[in-house]
Amino acid sequence: SWGSLVAPSAILTMSGAKTGETRETQVAYFHQDRDVILVASNFGSDRNPQWYHNLKTNPDCVLGGESFRATEVSDAAEYERLFRLAERSYGGYRDYREQTADEGRRIPIFRLRPAG
């Protein structure tokens, strides 16, 4: 059924926040025009995934062989709009959001803009 569609995923390559060493992780994403949107849900955990800290420190990254620059979405209206789109791409985000709200964590969203 359409309700069980899962967002596509790809390998995100970035530099480690502390070491600067190359780090790779599988992330779910969706497109917004030419930009890529990443939701740092960490499956509803009470803390952000490690890749969140890596991108905050070193925003230049590669996803699916393409170079991007990551920025965290801070505008409240834009955040809400993107979170609704995220929920449409993967229903689990709704559950994660409820879980993290109970824990006092706001799930970060990153916008990846093509580099260059």
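This briefing walks through the sheet, the helices and two buried residues of the structure above. The model is predicted. Its open sheet has 7 strands, paired in the antiparallel sense. Helix α1 lies across β1, β2, β4, β5, β6 and β7. Helix α2 lies across β3, β4 and β7. Helix α2 also meets helix α3, and their axes come within 6 Å.

**The sheet**

- The strand order is β2-β1-β5-β6-β7-β4-β3.
- The edges are β2 and β3, and each of these strands pairs on one side only.
- Strand β3 covers residues 30-32.
- Neighbouring strands are turned against each other by 35° on average, with direction ignored.

**Strand β4 and its partners**

- Strand β4 spans residues 35-39.
- Burial is complete here: 5 of the 5 residues of β4 are buried.
- Asp35, Ile37 and Val39 point one way from the strand. Val36 and Leu38 point the other way.
- On one side, β4 pairs with β3 through 3 bridges, and the two strands run antiparallel.
- Strands β3 and β4 form a hairpin, with 2 residues between them. Asp33 sits in that turn and has a positive phi of about 55°.
- Strand β4 also pairs with β7, again antiparallel, over 4 bridges.
- Val39 has Ile109 of β7 as its bridge partner. Val36 is partnered by Leu112 of β7.

**Strand β7 and strand β6**

- Strand β7 runs from 109 to 114, and β6 from 66 to 72.
- The two strands are antiparallel and are joined by 5 bridges.
- Ala70 has Leu112 of β7 as its bridge partner. Leu112 is also the bridge partner of Val36.
- Arg69 stands opposite Arg113 of β7.

**Helix α1 on the sheet**

- Helix α1 covers residues 50-57, and its buried residues are Trp51, Tyr52, Asn54 and Leu55.
- These four lie on the same side of α1, because they cover an arc of only 165° around the axis.
- The cover over them includes β1, β2, β4, β5, β6 and β7.
- The helix runs at about 50° to β1.

**Helices α2 and α3**

- Helix α2 is formed by residues 76-89 and helix α3 by residues 92-103.
- Their axes cross at roughly 130°. That angle makes α2 oblique to α3, because oblique takes in angles over 115 and up to 145 degrees.
- From α2, the contact uses Tyr79, Glu80, Phe83, Ala86, Glu87 and Ser89. From α3, it uses Tyr93, Arg94 and Arg97.
- The residues of this contact divide into 4 nonpolar, 1 polar and 4 charged.
- Helix α2 runs at about 140° to β3.

**Gln32, in an edge strand**

- Gln32 belongs to β3, which is one of the edge strands.
- Is Gln32 buried or exposed? Its relative accessible area is 13%, so Gln32 counts as buried, the cut-off being under 20%.
- Gln32 stands opposite Asp35 of β4.
- Leaving out residues up to four places away in sequence, Gln32 touches Ile37, Arg81, Leu82, Leu85 and Arg111.
- Among these contacts, Ile37 is one of the buried residues of β4.

**Leu12, in strand β1**

- Leu12 belongs to β1. Strand β1 covers residues 9-15.
- Its relative accessible area is 0%, so Leu12 is buried.
- Which residues does Leu12 contact, leaving aside neighbours within four places in sequence? The partners are Arg23, Glu24, Thr25, Val27, Leu38, Trp51, Leu55, Cys61, Val62, Leu63 and Leu112.
- Two of these partners, Trp51 and Leu55, are buried residues of α1.
- Another partner, Leu38, is a buried residue of β4.
- Leu112, also in contact with Leu12, is the residue of β7 that is bridge partner to Ala70.
- Pro108 lies 96 residues from Leu12 along the chain, and their C-alpha atoms are separated by 16 Å.

Technical notes. Residues are numbered from 1 along each chain as its sequence is written. This is a predicted model: local features need pLDDT of at least 70, side-chain atom pairs count only at pLDDT 80 or more; totals for chains, interfaces and linings use all residues. Side-chain values use heavy atoms; hydrogens and water are left out. Buried means under 20% relative accessible area, exposed over 50%, partly exposed in between (1.4 Å probe, protein chains only). The arc is that of the directions from the helix axis to the C-beta atoms. Contact means heavy atoms within 4.5 Å. Axes are lines fitted to C-alpha atoms, for helices over the stretch in contact, and angles run from 0 to 180 degrees between N-to-C directions. Angles under 35 degrees count as roughly parallel, over 145 as roughly antiparallel, 65 to 115 as roughly perpendicular and the rest as oblique. Ala, Val, Leu, Ile, Met, Phe, Trp, Tyr, Cys and Pro count as nonpolar, Asp, Glu, Lys and Arg as charged, and the others, Gly among them, as polar. Two strands pair if DSSP finds at least two bridges between them.
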